[in-house]
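Here are a few short exercises to help you find your way around a protein chain you haven't met before. Try each one with the model open, then read the solution.

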Amino acid sequence: ASLRGKERVHLDSVAEGAIVAGDPTQLEQLLRNLIDNALKYGGEDSPVEISLVVTANDRAELSVTDHGPGIAPEHIPHLTRRFYRTDPGRSRASGGTGLGLAIVAEYTRILGARLSLDAGEDGRGLKVSLTIA
């Protein structure tokens, strides 16, 4: 499957020598779901940024950030629930099933990683980060 809008995806930074251990198929699906969500809900013309950094305590942190209209803070804790939608009409219209971040959360658990979702500084966009030991 191809990602519609993939020309908006930018590799912001990749830590040299960073290694992420895990099942390649699951890692690919996890990254594909994050990018697909960011493209779908991040605004038609706004970029999606991907970065992989090594934290101070030698953990890999993978982040996918969009710059769309943002999500109300009360929705953020629920985004990884299966079939949860902040705007059901809009999600269905864009082809969303409400499973993307639920699958990401499950793969994150399998990897033994930590998932965090943060609203942009100005209330716009969403940054989804995985910290992997």
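Let's start with the outside: the accessible surface of the chain comes to about 8000 Å², and 50% of that belongs to carbon and sulfur atoms. Keep in mind that this is a predicted model.

**Exercise 1. Get your bearings.**
Work out how many helices and strands the chain has, and in which pattern they follow one another.

*Solution.* Start by counting: there are three helices and five strands. Next, walk along the sequence, and the pattern reads β-α-β-β-α-α-β-β. Then look at burial: 36% of the 133 residues count as buried. Finally, take the contacts with a separation of 6 or more; residues 24 or more positions apart account for 62% of them.

**Exercise 2. Check the length of helix α1.**
Find out what span helix α1 should have, and how far apart its end C-alpha atoms are.

*Solution.* Helix α1 covers residues 24-41, which makes 18 residues. The rise is 1.5 Å a residue, counted over one less than the number of residues. The expected span is therefore 26 Å, and the end C-alpha atoms are 26 Å apart, so the two agree.

Now look at both ends. At the N-terminal end, Asp23 acts as a cap, with a side-chain oxygen 2.9 Å from the backbone nitrogen of Thr25. Just after the helix comes Gly43, with a positive phi of about 105 degrees.

**Exercise 3. Follow α1 into the core.**
Find which residues of α1 are buried and which elements they pack against.

*Solution.* First, the buried ones: Leu30, Asn33, Leu34, Ile35, Asn37, Ala38 and Leu39. Their packing partners are strands β1 (9-14), β2 (48-54), β3 (60-66) and β5 (126-132), plus helix α3 (100-111).

Now step back to the largest nonpolar core, which has 22 residues; Leu30, Leu34 and Leu117 have the most contacts inside it. At least two residues of this core come from each of α1, β2, β3, α3 and β5. The biggest share is from α1, which gives five.

Pick Leu117 for a closer look. Skipping neighbours within four places in sequence, you'll find Leu117 in contact with Ile76, Leu79, Thr80, Leu101, Leu126, Lys127 and Val128.

**Exercise 4. Explore the β4 and β5 hairpin.**
Work out in which sense β4 and β5 pair, and over how many bridges.

*Solution.* Strand β4 spans residues 114-119, and β4 and β5 pair in the antiparallel sense over six bridges. One spot to check is Ala119, which stands opposite Leu126 in β5. Between the strands of this hairpin sit six residues, and Gly123 has a positive phi near 85 degrees.

**Exercise 5. Buried or exposed?**
Decide whether Ser129 and Asp58 are buried or exposed.

*Solution.* Take Ser129, in strand β5. The cut-off for buried is under 20% relative accessible area, and Ser129 has 3%, so Ser129 counts as buried. Its side chain makes a polar contact of 2.9 Å with that of Ser63. Leaving out residues up to four places away in sequence, Ser129 touches Glu61, Leu62, Ser63, Arg114, Leu115 and Ser116.

Now Asp58, in the loop between β2 and β3. Exposed means over 50%, and Asp58 has a relative accessible area of 65%, so Asp58 is exposed. Check the backbone too: phi of Asp58 is near 60 degrees, a positive value in a residue other than glycine. Most residues other than glycine have a negative phi.

Key: Residues are numbered from 1 along each chain as its sequence is written. This is a predicted model: local features need pLDDT of at least 70, side-chain atom pairs count only at pLDDT 80 or more; totals for chains, interfaces and linings use all residues. Side-chain values use heavy atoms; hydrogens and water are left out. Helices (H or I, at least four residues) and strands (E, at least two) are DSSP runs, numbered from the N terminus. Buried means under 20% relative accessible area, exposed over 50%, partly exposed in between (1.4 Å probe, protein chains only). Contact means heavy atoms within 4.5 Å. A polar contact is a pair of N or O atoms within 3.5 Å; within protein, one must be able to donate a hydrogen and the other to accept it, and residues adjacent in sequence count only if both atoms are side-chain atoms. A nonpolar core is a set of buried Ala, Val, Leu, Ile, Met, Phe, Trp, Tyr and Cys residues joined through side-chain atoms within 4.5 Å. Two strands pair if DSSP finds at least two bridges between them. Accessible areas come from the Shrake-Rupley method with a 1.4 Å probe; for residues, only the protein chains shown count as cover.
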